[in-house]
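Please find below a colleague's note on the structure shown here. The points concern one pocket and one helix.

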Amino acid sequence: MEVKLEIHRVDNGGCLEFGTKTESLLGPKQCEQKRRVNERFVRNETAFHFCNIKHWLENTSQAAGIVPPASGEDEATALQRAQLPIACCRNDILDWLASADPVAIITGAVDVNRGVQTVQYILEDCSAGDKACRALCVQSTEQEVLIIVKQVCQERKESIGKTVGYDVTFSHLLNDDITNVVICSTQTLLAHLMAPSGEKFFRMLTHLIVDDVGQRTFENDLLLHLLKEKISKHKSLKLLLLSSKHQAEDANRVFNHAPNFAVPEYKHIIARQSCDQLAIRDIYLATILTKFSTNTVIQNMKSVIQDISALEKVANFEPQLQYQYLDSNVRNHLDILLKHCWLSKSEDSFEELMQFYQLNPFMVDYLASETKMSALMIAAHHGHIAIVEFLLALGANPYLKGKGQLEVVHWCFSQADAECLSMIDRHYDQYRSHPAEWRYEQALLWMYQRLHNPYAVDYQLVANIVLYIYENIPAGPILIIMPEFTDIMACYDLLRRTPKMNLPPNSFVVLHRFVADDEIASEVEHIGAVAFQIILLEDCMLGAMPKIGTVDYVIDTGLTDCRSYNTTDGSCKPHFKQLITKEMAKVRSAIAQRTCFHLYSMQQELWCMEEKEQKSRNYPPMAELLLKFVVCRPSASGVSFLERALAGTLDLKVPGFLEHLQQIGAICIRDLAPTNLGLLLANLCNSAALGKALLYAIMFRCIDPVLTIVASLLVGDPFIEPRNETERKRIACVKASFDRRSLSDFYVLLRLYQEWNVAKVALNDGSMVDQHCLKLGAMEAISNLRTRLMSHLRALDIVTVGRSVNVHQLNERSSQWSTIKGCLAAGLYPNLVKMNYETLSLVSCSDPDPLELHPASVVKVKELASHWITYVYKQDSRPPLPKGCKRGNLPAELYRKKLQIVENTVISDWTVALMCGVDQVTAVKPKMVPNSSIAMEHTNELIIGQRCVFKIPRQYVVAVGRLREGLARAFREFTEHPLQALASSDSYALLGRISTILQLEEVCRAAPNTATKPKILKKCWLGTHWVINHKESRETRTNP
């Protein structure tokens, strides 16, 4: 017999079916509530057992620290230090240390010596003055910490851990009795401020150095205001803030009376700024393509554009290859804008299109999908002279042929059109007046930017430049600045396989955020080991680059990896590439002592790059960021502090984010104090939702597959950025082959990692990566992050694998895909949508805006096996609205929001009813529903959140309510005492019952391969020792 229960949402409903086995599990005896949920909050102190600096501060024999010993540096080191630019400020810094001013700001170029030398000056001042020293130096990343501590100790001729030590998340080297300075990361500093001893943290320090405070992030805004608040209570503490010279405005605004010390630039930079010699110059993309490119299409073009008609010949060369890199979202956006311009006929209708082209001038010749008309053709036809002039200035080609082989001249009929024709003729005459070499370069550039995505790195072009330097000009260190670590690994792999160079291993240095702690030291030691050396550096680590003043050549991709988060609608883009600012372009160019190769055009630098970095870049989602500062400052006045610290940056709705934290159970409703869950999430990872899902997985004993999924989502999309439609279809086929009817992007990530794991053990991972279009290094990063997260869970005393709890116990239910999805759904809630089959639309449980599935997702609207989908994040499919653009002029299709949900999985009705929103109080209301399918029977409403309501018979709603309350109690006890909760027999029985129901009512019957245990347990190298294995012939990973 099957029982049908009617389940409704606020605006639509469905029918839930379950069998007699599930019905038996909902009986009164099985769901009897033995204990009510404990509302009392008991602070879990185990979340801070890994705070090593706290022990250093508390265990030092002398309260104020000890006098540091004199440096053991030799004469050569002393001479090198005296020649550094910051040496000019040494006396000023020492005078400030002796003064009563509590805060000072040092500004200077991007240079690791800024942090290294300030530590040295403080130690020298305390040693010479016989003063006690207990200082903390804070760097942005853990890699910077390890690089700087090695530099300081090398100069002082001391071993790490004596006078100077370090503390990062899973590694530390310091001595409680003799260490004077500890170098740590910003995350480590926040972790200590979040600890119970955080209030007395500043009282135990004599000096605090904070580097990179000029980075335009919300985290820095909050940190600066927190430091201002703390420094006012501890007058004896000397606070030293370090920033680049162009980014010190935020620090100066917060500490407006602090003295500023400006560090001059290197002498070769100053000389270069006033030197016009060819030996010291910038080379841009147009020249690079002419001299170095081996791109097949570019080579073919060179043979047909030797004469003066280069612009005409290049216009229609290989038209089927142009703009293949544009995805469907960008194409749809441009098609709508072009259609709007054609129908509207007014100049105002071109406003957003012109601003879009100004930011992306290489797209100015895009032809609408249906009409095959460009913006220049439409503007000329309507006689908009100013628009035509603007498009021609951006580089629009008047010889481009559209539908019916028509050019722009064929669309000009009226008197105004004649003026447009005259303007086009003048433009071409001006073009022909340029030297032949310039016309040749511009033609190649025009074609290249329509073949290759300007927001992706051309690895082959980078290799061509390196080979040119190797064979033709004096040898010297080459610094290659990449936006993301997978770009570094792809380029490194290509350079190692370049037969003409055949370089030894010490000719390479690889530095990025996924290089392991124990690899950093060997990478830094390699710098300067040989005359010809290639340094591959991730953009975010430019400030940590040692010996940056010795770089001869710089290859600047002009790109940076961004994590954009929209504070108004909660949409985000975790990883995307964007052009650097003009300010940063100058910094990168100034590093090169001889030549800087820019892989972007002068036009891009002029039109597309912003002057300064905006606040919308490179920061974690606002809710997670606020959680950390709420933990640092747990009081009701925290709201006013947060609003004051973030005032003037963006229209941030702080109460809304705090409400979200309350909704997921991270902070208390009454006083905003963090709960035990909030404490664990603040210390676990940058995503509260994924951290919560991981905690549920531990409690339900399915940790390994969830650990893999969480690590994959944190690292980012493992698939390459498709260069054309063929690669998009190929990636879609790969995803479909791994989906296996699971209707889950999570399952695809899990199976990908498992197959890579098998291939890695079989020494054939390179072939697997190529065949499945994966980014080089991505799977190794996922493997290392799995290990790191597991170590973090041990440090937090959440698991004790290898002791009282073993791996098998924590993976008892790892083969149950329904339980795995339940844990992910519990963590991701309220990221939940329901399908309305009548309108084929998705309705959010927390957001009134319409949603749609991301086109790259394996979940398809017409293939759903359930009403419900949970997702990781949502993104706006429209390109950003340009500044100053009036929404009233936009077509209706663009004015309407189009939020897409990304990383999705289909879940059952029972997963929603049992796992979602259990942190909130479940509302149960008796109600008569005479017209329901269960006629005249007493029913109740089970309310989940604010918009999700289930209507079911009373005996079952009570049973479901008890299961939810029991799960809430079990999870609360788990966050208070994780190990004790895991050992509870009552909790074990309850979770087993819920898992059984989820498994019985699962709607997606995926292949049960979720419990395959990874065989790679050791750390994967991601520096110069990185190895990728091929047993089969490999596909060359270069650009077409």
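1. The second largest pocket holds about 1,000 Å³ of space. This value, like the others in this note, comes from a predicted model.

2. The lining of the second largest pocket comprises 40 residues. Those nearest the centre of the pocket are His 434, Trp 438, Gln 442, Leu 445 and Gln 603. Two or more lining residues come from each of strand S11 (281–283) and helices H11 (285–292), H17 (385–394), H18 (415–432), H19 (436–451) and H24 (602–607). Of these elements, H19 gives the largest share, with 10 residues.

3. As to chemical class, 21 residues of this lining are nonpolar, 10 are polar and 9 are charged.

4. Where does the second largest pocket lie with respect to domains 2 and 3? Lining residues are drawn from both domain 2 (285–451) and domain 3 (459–614), and the pocket therefore lies between these domains.

5. Helix H14 covers residues 328–344, 17 residues in total. At 1.5 Å a residue the expected span is 24 Å, and because the C-alpha atoms at its ends are 24 Å apart, the two values agree.

6. Both ends of H14 merit a remark. At the N-terminal end, Asp 327 acts as a cap, with a side-chain oxygen 3.2 Å from the backbone nitrogen of Asn 329. After the helix comes Lys 345, which has a positive phi, near 70°.

7. Within H14, the buried residues are Asn 329, Val 330, His 333, Leu 334, Ile 336, Leu 337, Leu 338, His 340 and Cys 341. Asn 329 is thus named twice in this note: it is buried, and its backbone nitrogen faces the capping oxygen of Asp 327 at 3.2 Å.

Key: Residues are numbered from 1 along each chain as its sequence is written. This is a predicted model: local features need pLDDT of at least 70, side-chain atom pairs count only at pLDDT 80 or more; totals for chains, interfaces and linings use all residues. Side-chain values use heavy atoms; hydrogens and water are left out. On a 1 Å grid over the protein atoms alone, a cavity is a set of points where a 1.4 Å probe fits but cannot get out, and a pocket is an open set with protein on both sides within 12 Å along at least five of seven lines; lining residues have an atom within 4 Å of a point. Grid points are joined across faces, edges and corners, and a volume is the space filled by probe spheres set on the points. Helices (H or I, at least four residues) and strands (E, at least two) are DSSP runs, numbered from the N terminus. Ala, Val, Leu, Ile, Met, Phe, Trp, Tyr, Cys and Pro count as nonpolar, Asp, Glu, Lys and Arg as charged, and the others, Gly among them, as polar. Domain bounds come from an automatic or database domain assignment. The expected span of a helix is 1.5 Å times one less than its number of residues. Buried means under 20% relative accessible area, exposed over 50%, partly exposed in between (1.4 Å probe, protein chains only). A polar contact is a pair of N or O atoms within 3.5 Å; within protein, one must be able to donate a hydrogen and the other to accept it, and residues adjacent in sequence count only if both atoms are side-chain atoms.
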